[in-house]
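User: Could you help me read this structure? I would like to begin with a single turn and then move outward.

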Amino acid sequence: MKIEKKVLLRAPRERVWRALADSTEFGVWFGVRFAGPFMRGVSLRGVIVPTTVDAEVAAAQKPYEGKPFDITVEQLEPERLFSFRWHPFAVESGVDYSAEPTTLVTFVLEESEGGVLLTITESGFDQIPLERRAKAFTANEQGWGMVTKLIGAYVVSNA
């Protein structure tokens with residue numbers, strides 16, 4: 001059980017990579033503020049802040065503003081692959097998700113005619129507790145669709 005989204009980004013590969021691998025830039029378009037840089041094997045806590053790239057998505061993120069956002073960086077292969085683990089759709093106040101398994105989010109860059117093909121995959125939903133699985137999958141399926149638009153707009157307007 002996984003989610004996969006592909007988007008052709010009309011920007012140089014190094015620009016797309018920076019938008020993914022720089023925690024500050026990632027946070028601007030994705031909608032989260034991290035306290036430090038992405039480094040392999042490092043767990044980071046951030047907080048949700050509305051994206052500055054799209055007003056409609058920012059409005060959807062607004063109810064979650066200030067909520068913690070935890071990831072553990074798995075891989076950083078320059079200009080090719082960035083991946084992290086997280087607890088999907090972990091937004092309920094007062095719920096401790098730390099004992100739950102995580103899903104793996106992977107961003108893969110490939111050269112393509114006219115730009116860079118970005119493939120975003122989130123896998124591991126079959127390990128999420130049954131009572132949360134469908135809701136987390138549905139929310140993230142929609143969310144990754146929005147993310148493809150956000151990063152596309154961001155890398156073009158902030159080249």
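**From a hairpin to the sheet**

Analyst: In this predicted model, strand 4 and strand 5 form a hairpin with three residues between the strands, and Glu-79 there takes a positive phi near 60°.

User: How many bridges pair strand 4 and strand 5, and in which sense?

Analyst: Six bridges pair them, in the antiparallel sense. Gln-75, for example, has Ser-83 in strand 5 as its bridge partner.

User: And what joins strand 5 to strand 6?

Analyst: Strand 5 (residues 81-86) is joined by six bridges to strand 6 (residues 103-112), and the two run antiparallel. Leu-81 has Val-108 in strand 6 as its bridge partner.

User: What about strand 3 and strand 4, how many bridges there?

Analyst: Strand 3 (residues 43-48) pairs with strand 4 over five bridges, again in the antiparallel sense. Val-47 stands opposite Pro-68 in strand 4.

User: Which order do the strands take in the whole sheet?

Analyst: The sheet is open, has seven strands with antiparallel pairing, and follows the order 1-7-6-5-4-3-2. Its edge strands are strand 1 (2-9) and strand 2 (32-34), each of which pairs on one side only. On average, neighbouring strands are turned by 25° against each other, direction ignored.

User: Changing topic: which strands does helix 2 lie across?

Analyst: Helix 2 (residues 23-30) lies across strand 2, strand 4 (68-77), strand 5 and strand 6, and runs at about 165° to strand 2.

User: Which strands does helix 4 touch?

Analyst: Helix 4 (residues 130-157) packs on the sheet and touches strand 1, strand 5, strand 6 and strand 7 (115-123). The direction of helix 4 makes about 15° with that of strand 1.

Note on methods
Residues numbered from 1 in each chain as written. Predicted model: local features only at pLDDT ≥ 70, side-chain atom pairs only at ≥ 80, totals over all residues. Heavy atoms only, no water. Pairing = 2+ DSSP bridges. Helix = DSSP H or I, 4+ residues; strand = E, 2+ residues; numbered from the N terminus. Axes fitted to C-alpha atoms, helices over the stretch in contact; angles between N-to-C directions. Contact = heavy atoms within 4.5 Å.
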